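User: I've got a new model open. Can you walk me through it?

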Amino acid sequence: MGCSGSKNATSLLASPSNAPFKVAVVGFTAPGGPEMNTDKDKTGVRYDSTPIANGCINAGLACDMFDYTPDDHDGFIAKAIDYDGLIVRINPGQLS
């Protein structure tokens, strides 16, 4: 299957309506501003997160992207339970 869709690596493609599975790419924004988040692109997500999500979409999966917020762990669990899988993209050492 070839690549299709956006020519911009920071634009998330639309998920297929008939996807057999639903996954999410989960990120984290460290406190401390840009100095602590050097792994982020201009949209505030890790440089590789949108291409990973778009790869899932191009493979036929539904895929969303959202951040983990430690202050709302229960909200994260409530959201995550709706997915068949999570792809975690957090810079090592930022979340402890």
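Analyst: We can go from the overall fold to the cores, then to single residues.

User: What kind of model is it?

Analyst: It is a predicted model.

User: How many helices and strands does the protein chain have?

Analyst: The protein chain has 2 helices and 3 strands. Starting at the N terminus, the order is β-α-β-α-β.

User: How does its radius of gyration sit against the globule rule?

Analyst: The radius of gyration is 14 Å, close to the 12 Å that the rule gives for 96 residues. So the chain is as compact as a globular protein of that length. The C-alpha trace spans about 40 × 30 × 15 Å along its principal axes.

User: What share of the residues is buried?

Analyst: Buried residues are 31% of the 96.

User: And what about contacts across the sequence? How much comes from residues 24 or more positions apart?

Analyst: Such pairs account for 77% of the contacts with a separation of 6 or more.

User: Switching to the surface. How much area is exposed, and what share comes from carbon and sulfur?

Analyst: The protein chain exposes about 6,000 Å². Carbon and sulfur atoms supply 56% of that.

User: And charges? How many positive and negative side chains are there?

Analyst: There are 7 positive and 11 negative side chains. The centres of the two sets lie 9 Å apart.

User: Now the inside. Which residues make up the largest nonpolar core?

Analyst: That core has 9 residues: Ala24, Val26, Phe28, Ala30, Phe66, Tyr68, Phe76, Ala80 and Tyr83. Strand β1 (22–27) and helix α2 (73–80) each supply at least two of them.

User: Tyr83 caught my eye. What does tyrosine 83 contact beyond its sequence neighbours?

Analyst: Leaving out residues within four places in sequence, tyrosine 83 is in contact with Lys22, Val23, Ala24, Asp64 and Phe66. Of these partners, Ala24 and Phe66 are also in the largest core. There is also a second, separate core of 8 residues, and Val23 is one of them. Ala53, Cys56 and Ile57 are also among its members.

User: Let's look at α1. Is it mostly covered or mostly open?

Analyst: Mostly covered. Helix α1 runs over residues 49–58, and 7 of its 10 residues are buried. Those are Ser49, Thr50, Ala53, Asn54, Cys56, Ile57 and Asn58.

User: What covers them?

Analyst: The cover includes β1, β2 (62–67) and β3 (85–88).

User: Why might buried positions in a helix be three or four places apart?

Analyst: An α-helix has 3.6 residues a turn, so residues three or four places apart point the same way.

User: Back to this one. Why does serine 49 count as buried?

Analyst: Because its relative accessibility is 3%, and the cut-off for buried is under 20%. Beyond its sequence neighbours, serine 49 is in contact with Val25, Met65 and Arg89.

User: And threonine 50, what does it touch?

Analyst: Not counting residues up to four places away in sequence, threonine 50 touches Ala9, Thr10, Ser11, Leu12, Val45 and Met65. Threonine 50 is buried too, with a relative accessible area of 2%.

User: What follows α1?

Analyst: Glycine 60 does, and its phi is positive, near 100°.

User: Last one. Is proline 34 buried or exposed?

Analyst: Proline 34 counts as exposed, at 64% relative accessibility. Proline 34 is in the loop between β1 and α1. Its C-alpha atom is 12 Å from that of valine 45, with the two residues 11 apart along the chain.

Definitions and conventions:
Residues are numbered from 1 along each chain as its sequence is written. This is a predicted model: local features need pLDDT of at least 70, side-chain atom pairs count only at pLDDT 80 or more; totals for chains, interfaces and linings use all residues. Side-chain values use heavy atoms; hydrogens and water are left out. Helices (H or I, at least four residues) and strands (E, at least two) are DSSP runs, numbered from the N terminus. The radius of gyration is taken over C-alpha atoms; the globule rule is 2.2 Å times the number of residues to the power 0.38. Buried means under 20% relative accessible area, exposed over 50%, partly exposed in between (1.4 Å probe, protein chains only). Contact means heavy atoms within 4.5 Å. Accessible areas come from the Shrake-Rupley method with a 1.4 Å probe; for residues, only the protein chains shown count as cover. Lys and Arg count as positive and Asp and Glu as negative; His and the chain ends are not counted. The place of a charge is taken as NZ of Lys, CZ of Arg, CG of Asp or CD of Glu. A nonpolar core is a set of buried Ala, Val, Leu, Ile, Met, Phe, Trp, Tyr and Cys residues joined through side-chain atoms within 4.5 Å.
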